[in-house]
Structures are given as C-alpha cells and as structure tokens.
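This report addresses a single protein model and the way in which its strands and charged side chains are arranged. Please consult the sequence and coordinates shown below while reading.

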Amino acid sequence: MATTDFLVIHITADHAETPIGEVRIDDAGTLTLLSASPEQTEYLEDWVKRLNEREGFVLKVPPPAEANVPMLSVYGRKFSRTDPTFIADLKAYVKQLYGIKLLTQAELTQELDDLGKQGL
C-alpha cells in the first residue's frame, strides 16, 4: 500500500457533502491529519487518534449466502491494516460509522466530471 492523501468529507443526513479536512494514510495504514477546518480540528484529531489505536475493524456487510442467517441480518467482516483491501475497507468503514467519505483528489475530480456529464 502506498502513502496516499485523502480529502475528508462529512456527509449529512440529507446527503450534503462538506469537506472538513485532509488525512494521509501511510503504507502501514496509519493516518496523519494534514489539515482541518477550524471548527472540525479537535474532532478530526480525536477521530484520527481513535482510528490509529484500533488494531482490527469490523465492516457491516450483507451476510454471505452460505451463512444461513435470517434475511436482513447484520453480518460483520473483519479486516486489518495488513489486508490488501485495507484502504477500500477503511473507506467503507468510516462512511458507515462516521458519515465520512475519504476521497483522493483524482476520485473527487472523477466524481465532479461524472456530475458534469449528468448535467448537474
């Protein structure tokens, strides 16, 4: 995993997206806060600290067919910083748990291009 910078975007209940900072994730999966909007600095410092303290994560996913559990059950899939899918899993995890979207600058540019193509 290469060191990558991500924009930290808060998603509100009405699906509005507000950039609130920027983090770097290094090749060991450790987050560093690069910048934060003044009103979000304390929150993001604590958020980064809490994520870095975790050794493992559990991502809520639909249960696999072979799990033989009732329909609409919540199922967890564990992942760690050493997993090859760590970045994708972490992005899904923070979106589920914190309402935060992590995007690289290239991903943000692509999202904006896609919106432009839709005429929005």
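The following paragraphs treat confidence, strand pairing and salt bridges in turn.

**Confidence**

The model is predicted. Over the protein chain the pLDDT averages 89, and 96% of the residues score at least 70. Among the elements of the chain, strand β3 (residues 31-36) has the highest mean pLDDT, 98, whereas helix α3 (residues 105-117) has the lowest, 78. Where pLDDT is low, the predicted coordinates should not be read in detail.

**Strand pairing**

Strand β1 (residues 4-11) and strand β2 (residues 17-25) are paired in the antiparallel sense over eight bridges. Within this pairing, L7 stands opposite E22 of β2. Five residues lie between the two strands of this hairpin, and H15 adopts a positive phi near 70° there.

Strand β2 also runs antiparallel to β3, to which five bridges join it. Here G21 has A36 in β3 as its bridge partner. The hairpin of β2 and β3 likewise has five residues between its strands, and in this hairpin G29 takes a positive phi near 85°.

**Salt bridges**

The structure holds six salt bridges. The table lists three pairs, with the distance between the closest N and O atoms or from N to O.

| Basic residue | Acidic residue | N to O distance |
|---|---|---|
| R50 | D46 | 2.9 Å |
| K49 | E53 | 3.1 Å |
| R77 | D89 | 2.9 Å |

Where do R50 and D46 lie in relation to each other? Both belong to helix α1 (residues 41-53), and because they are four residues apart, about one helical turn separates them. R50 is partly exposed, with a relative accessible area of 30%, and D46 is also partly exposed, at 36%.

K49 and E53 are likewise placed in helix α1, four residues apart, about one turn of the helix. Their side chains meet in a salt bridge of 3.1 Å, N to O.

The salt bridge of R77 with D89 has its closest N and O atoms 2.9 Å apart. R77 lies in strand β5 (residues 75-80) and D89 in helix α2 (residues 86-98), so this pair ties together parts that are 12 residues apart in sequence. Is each partner buried or partly exposed? R77 counts as partly exposed, at 33% relative accessibility. D89, by contrast, is buried, because its relative accessible area of 6% falls under the 20% cut-off.

Technical notes. Residues numbered from 1 in each chain as written. Predicted model: local features only at pLDDT ≥ 70, side-chain atom pairs only at ≥ 80, totals over all residues. Heavy atoms only, no water. pLDDT = per-residue confidence, 0-100. Salt bridge = Lys/Arg side-chain N within 4 Å of Asp/Glu carboxyl O. Buried < 20%, exposed > 50% of the residue type's maximum accessible area, 1.4 Å probe, protein only. Pairing = 2+ DSSP bridges.
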